[in-house]
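Me: I have a model open and want the reasoning behind its labels. Can we go through them one at a time?

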Amino acid sequence: MILIIGGACQGKREYALQLSGTDEKTFEENLADGWRDKPQKAMEKAYLISFHGWVRQLAEEGLDPESFVRQILKNIPKIVTMDEIGCGIVPVERTERDYREAVGHAGQMLAEHASQVYRVVCGIPTKIKG
């Protein structure tokens, strides 16, 4: 698995497409989006973008995001993208702090099992593992 992290709108999706070695149509057909799709769809696809979106969905439903990550790691996807949300101002609301922490833990779990990890800033990828 390849994990691609970085801030919002930094080019992670575009880099995932490039690394996939497929055309855009094939990439889209094999993609699940954490903001758009339900968590079950992530179990069926090779390319998972906006993984932090599923963490938000599960947290809002009172479910355990770490359990979801463990399920994902049983059927390892090819590429996962996730926003880094832990940099910056600590949120005032407890639920937002909990979400931020859950995303951080999910990222750590994914990175541990990833063969490669990239951080993308301004569309420029930097390999940080592998």
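Me: This is a predicted model. Which residues does leucine 48 touch, leaving out those up to four places away in sequence?

Reply: Leucine 48 touches Ala32, Ala42, Trp54, Ile72, Pro77, Ile79, Val80 and Thr81. Each counts as a contact because heavy atoms lie within 4.5 Å. Leucine 48 itself is found in strand S3.

Me: Why is leucine 48 called buried?

Reply: Its relative accessible area is 0%. Buried means under 20%. Therefore leucine 48 is buried.

Me: How far apart are the C-alpha atoms of leucine 48 and alanine 16?

Reply: They are separated by 9.3 Å. Along the chain, the two residues are 32 apart.

Me: What makes H4 and H5 oblique to each other?

Reply: The axes of H4 (residues 51-60) and H5 (residues 65-74) cross at roughly 135°. An angle over 145 would be roughly antiparallel, and 65 to 115 would be roughly perpendicular. The value of roughly 135° fits neither class, so the pair is oblique. The axes come within 9 Å, and the crossing is right-handed.

Me: Which residues meet there?

Reply: From H4 come Phe51, Trp54, Val55 and Leu58. From H5 come Pro65, Phe68, Val69 and Ile72. By class, this contact has 8 nonpolar, no polar and no charged residues.

Me: How do you know that the buried residues of H5 line one face of the helix?

Reply: The buried residues of H5 are Pro65, Phe68, Val69, Ile72 and Leu73. Seen down the axis of H5, they fall within an arc of 140°, so they line one face. They pack against helix H3 (39-42), strand S3 (47-49), H4 and helix H6 (94-113).

Me: And H4 with H6: why is that pair called oblique?

Reply: H4 and H6 pack at an angle of about 130°. The perpendicular range is 65 to 115, and antiparallel starts over 145. The angle of about 130° belongs to neither, which makes H4 oblique to H6. Their axes are 10 Å apart. This crossing, too, is right-handed.

Me: What classes of residue make up the contact of H4 with H6?

Reply: H4 brings Phe51, His52, Val55 and Arg56. H6 brings Glu96, Tyr99, Ala102, Val103, Ala106 and Leu110. These residues divide into 7 nonpolar, 1 polar and 2 charged. Arg and Glu count as charged.

Terms used:
Residues numbered from 1 in each chain as written. Predicted model: local features only at pLDDT ≥ 70, side-chain atom pairs only at ≥ 80, totals over all residues. Heavy atoms only, no water. Axes fitted to C-alpha atoms, helices over the stretch in contact; angles between N-to-C directions. Helix = DSSP H or I, 4+ residues; strand = E, 2+ residues; numbered from the N terminus. Parallel < 35°, antiparallel > 145°, perpendicular 65-115°, else oblique. Left-handed = near helix turned anticlockwise from the far one by under 90°. Buried < 20%, exposed > 50% of the residue type's maximum accessible area, 1.4 Å probe, protein only. Arc of directions from axis to C-beta.
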